[in-house]
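This report walks through a structure in three steps, from a single helix to the core and then to the domains. Please keep the sequence and the 3D view open while reading.

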Amino acid sequence: MSRKSIPSFEELEEPLGWSDPKKYYYLLAGLFLRTAGRLSDGIDLGFRYGFDSGMIMNYIYENVPHGKSFVGRALDEAFLGQTTCKAFRAVKRIQIEAISAFIDEREGRETFIVDLASGKADYIYDVLRHAGPNVKVLLRDISEKTLAESRETALSLGLRDRVGFEVGDALDVESLRRIPYRPNLAIEAGLYGIIHDDELVRRHLSDLREIVGPEALLFNVQTYNEQIELIARALVNQDGEPCVWHLRDKDLVIGWAEEAGFRDPVVKMDPYGIYAVVLMRN
Ligand SMILES: C[S@@+](CC[C@H](N)C(=O)[O-])C[C@H]1O[C@@H](n2cnc3c(N)ncnc32)[C@H](O)[C@@H]1O
């Protein structure tokens, strides 16, 4: 597949000049999405909570178009049909397979999974529905709202006794120290792409191994995305700022994880070539 060249992270962080025609294209696209676009429930949710939030991820996973009038529904269908949204759903399936295979490997032994930026953790519930009672999960996120909604899901599925919730910052060592005991598996999905500073991701991987010490780590890396400039220039993140995502070579992040002491990476790419899902052992 031929790949078009896309702006670097540093370029995406800079506003476009007034003489650049792309500036007007993205201004118009942003204006359209922030006005008429909000007839689509998905686009509206993205502008309310951020296109990098756990709230929007779950909406994309559910993949059921909703909107105000038939126009809103049609816009929502178009939104959910974007390649980036399709890739999110494909990554979810890959993660479910990886987590389920990890649980199978444990042959019924007690298994403790911690997800450090869980969002609503749709993929975890899909796994838990089929896993035995020996599998317990702790969901952590900085967003209280996302965790509160996830708690509702756990209740409705009768899984409340197997899932714990805790507001926590994955990048804060004191917060990591509060994880009660060593997990068999730690999950970090959709996190590194929203951390801009390479050094922060690198240091975090060392802290994670040293402080939390999971037996295995599952993470994903956004490696390439032709829609990255539209996302950065027309959409907003959880803080209401431009939604600039940091694409990275999967080998760079795997290298940092290896430096931290993780080993034996198993990599699976989504069919759109956007995300690498990586499982490593400790
Ligand atoms: C793109 S969503 C991914 C959610 C979920 N893991 C998934 O893949 O569907 C990113 C999540 O990371 C959370 N987040 C961002 N920074 C965080 C941090 N420093 N510590 C913990 N969670 C964080 C956000 O609140 C959001 O729920």
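## What surrounds helix α10

The model shown here is a predicted one, and a good place to begin is the packing around helix α10, whose buried residues are covered by elements that include α9 (173-177), β4 (185-188) and α12 (250-260).

Helix α10 itself covers residues 198-212, which makes 15 residues, and from its first C-alpha to its last it reaches 21 Å, close to the 21 Å expected at 1.5 Å a residue. Just after this helix comes G213, which takes a positive phi of about 60 degrees.

## Two sides of one helix

Which residues of α10 are buried? They are V201, H204, L205, L208 and V212. Seen down the axis of α10, these buried residues fall within an arc of 105 degrees, so they line one face of the helix. The general geometry of helices helps in reading this pattern: an α-helix has 3.6 residues a turn, so residues three or four places apart point the same way.

On the other side of α10, by contrast, E199 and E210 are exposed.

## The nonpolar core

Moving from one helix to the interior, we find that the largest nonpolar core has 77 residues, and that those with the most contacts inside it are V137, L139, A186, L217 and L218. The element that gives the most to this core is helix α6 (residues 83-105), with eight residues. The core also draws at least three residues from each of domain 1 (20-84) and domain 2 (88-281).

L218 can serve as an example of these contacts: leaving aside residues up to four places away in sequence, L218 touches Q95, A98, I99, L185, I187 and L279.

## Where the two domains meet

The domain assignment of the chain gives domain 1 (20-84) and domain 2 (88-281), and the centres of the two, taken over C-alpha atoms, are separated by 24 Å. Their contact takes 21 residues from domain 1 and 25 residues from domain 2.

On the side of domain 1 that touches domain 2, the elements giving two or more residues are α2 (21-34), α3 (41-49), α4 (54-62) and α6, and the largest share, six residues, comes from α4. What classes of residue make up this side of domain 1? It has ten nonpolar, ten polar and one charged residues.

Conventions. Residues are numbered from 1 along each chain as its sequence is written. This is a predicted model: local features need pLDDT of at least 70, side-chain atom pairs count only at pLDDT 80 or more; totals for chains, interfaces and linings use all residues. Helices (H or I, at least four residues) and strands (E, at least two) are DSSP runs, numbered from the N terminus. The expected span of a helix is 1.5 Å times one less than its number of residues. A residue is buried if 20 or more other C-beta atoms lie within 10 Å of its own, exposed if 12 or fewer, and partly exposed in between; C-beta atoms are placed from the backbone. The arc is that of the directions from the helix axis to the C-beta atoms. Two residues are in contact if their C-beta atoms, placed from the backbone, lie within 7 Å. A nonpolar core is a set of buried Ala, Val, Leu, Ile, Met, Phe, Trp, Tyr and Cys residues joined through C-beta atoms within 7 Å. Domain bounds come from an automatic or database domain assignment. Ala, Val, Leu, Ile, Met, Phe, Trp, Tyr, Cys and Pro count as nonpolar, Asp, Glu, Lys and Arg as charged, and the others, Gly among them, as polar.
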